[in-house]
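Reader: Hey, could you walk me through a protein model? I'm new to this, so plain words please.
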Amino acid sequence: MPNPFSRPGEPGVYVDDEVREPRKCKVLLHNDDYTTMEFVVEILREVFRKTEAEAMEIMLRVHHDGVGVCGIYTVEVAETKVAVVRQRAASEGFPLKCTMEEV
């Protein structure tokens, strides 16, 4: 598309007006036989900012179904949350597995 403000013979400026939504990922917690339910609820409240009721619901889903969705975030935010969960779990001696999947 030619730039109406350019002089003849000068290259025009093309601006890509298409706005793309950022890629999103869901962050998942996976069940194991060692991580306490209390620690999972703590992670959900502190890292994912869930209410007590939301944290309990997600924790029970992890416990009964083997996996629970903590939230859907942009890729960068999801990566950060996964890293924080892994670091906190390791520092507490829990093998809590936290992953992300593109939505």
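Author: Sure, here is a chat about the elements of this chain, how its helices pack, and one residue in a loop. Keep in mind that this is a predicted model.

Reader: Cool. How many helices and strands are there in the chain?
Author: The chain has three helices and three strands. Starting at the N terminus, they come in the order β-α-α-β-α-β.

Reader: And what share of the residues is buried?
Author: Of the 103 residues in the chain, 31% are buried. The chain exposes about 7300 Å², and carbon and sulfur atoms supply 53% of that.

Reader: What about contacts, how much comes from residues 24 or more positions apart?
Author: Take the contacts in the chain with a separation of 6 or more: residues 24 or more positions apart account for 70% of them.

Reader: OK, helices now. At what angle do H1 and H2 pack?
Author: At about 130°, with the axes 9 Å apart. H1 covers residues 37-46 and H2 covers residues 52-65. Angles over 145 degrees would count as roughly antiparallel and 65 to 115 as roughly perpendicular, so H1 and H2 are oblique to each other. The crossing of H1 past H2 is right-handed.

Reader: Which residues make that contact?
Author: From H1 you have Met37, Val40, Val41, Leu44 and Arg45. H2 brings in Glu52, Ala55, Met56, Ile58, Met59 and His63. Sorted by class, that contact has eight nonpolar residues, one polar and two charged.

Reader: Which way does H1 pass H3, left-handed or right-handed?
Author: Right-handed. H3 spans residues 75-92, and H1 packs with H3 at about 145°, the axes being 11 Å apart. Phe39, Glu42, Ile43 and Glu46 of H1 meet Val85, Arg88, Ala89 and Glu92 of H3.

Reader: What's the mix by class there, for H1 with H3?
Author: Four nonpolar and four charged residues, with no polar ones.

Reader: Switching topic: what is the phi of arginine 49?
Author: Arginine 49 has a positive phi of about 55°, although this residue is not a glycine. In general, most residues other than glycine have a negative phi.

Reader: Where does arginine 49 lie?
Author: Look in the loop between H1 and H2.

Reader: Is arginine 49 buried or exposed?
Author: Exposed: arginine 49 has a relative accessible area of 66%. The cut-off for exposed is over 50%, so arginine 49 passes it.

How values were computed. Residues numbered from 1 in each chain as written. Predicted model: local features only at pLDDT ≥ 70, side-chain atom pairs only at ≥ 80, totals over all residues. Heavy atoms only, no water. Axes fitted to C-alpha atoms, helices over the stretch in contact; angles between N-to-C directions. Helix = DSSP H or I, 4+ residues; strand = E, 2+ residues; numbered from the N terminus. Parallel < 35°, antiparallel > 145°, perpendicular 65-115°, else oblique. Left-handed = near helix turned anticlockwise from the far one by under 90°. Contact = heavy atoms within 4.5 Å. Nonpolar A, V, L, I, M, F, W, Y, C, P; charged D, E, K, R; others polar. Buried < 20%, exposed > 50% of the residue type's maximum accessible area, 1.4 Å probe, protein only. Areas by Shrake-Rupley, 256 points an atom, 1.4 Å probe, with all protein chains shown as cover.
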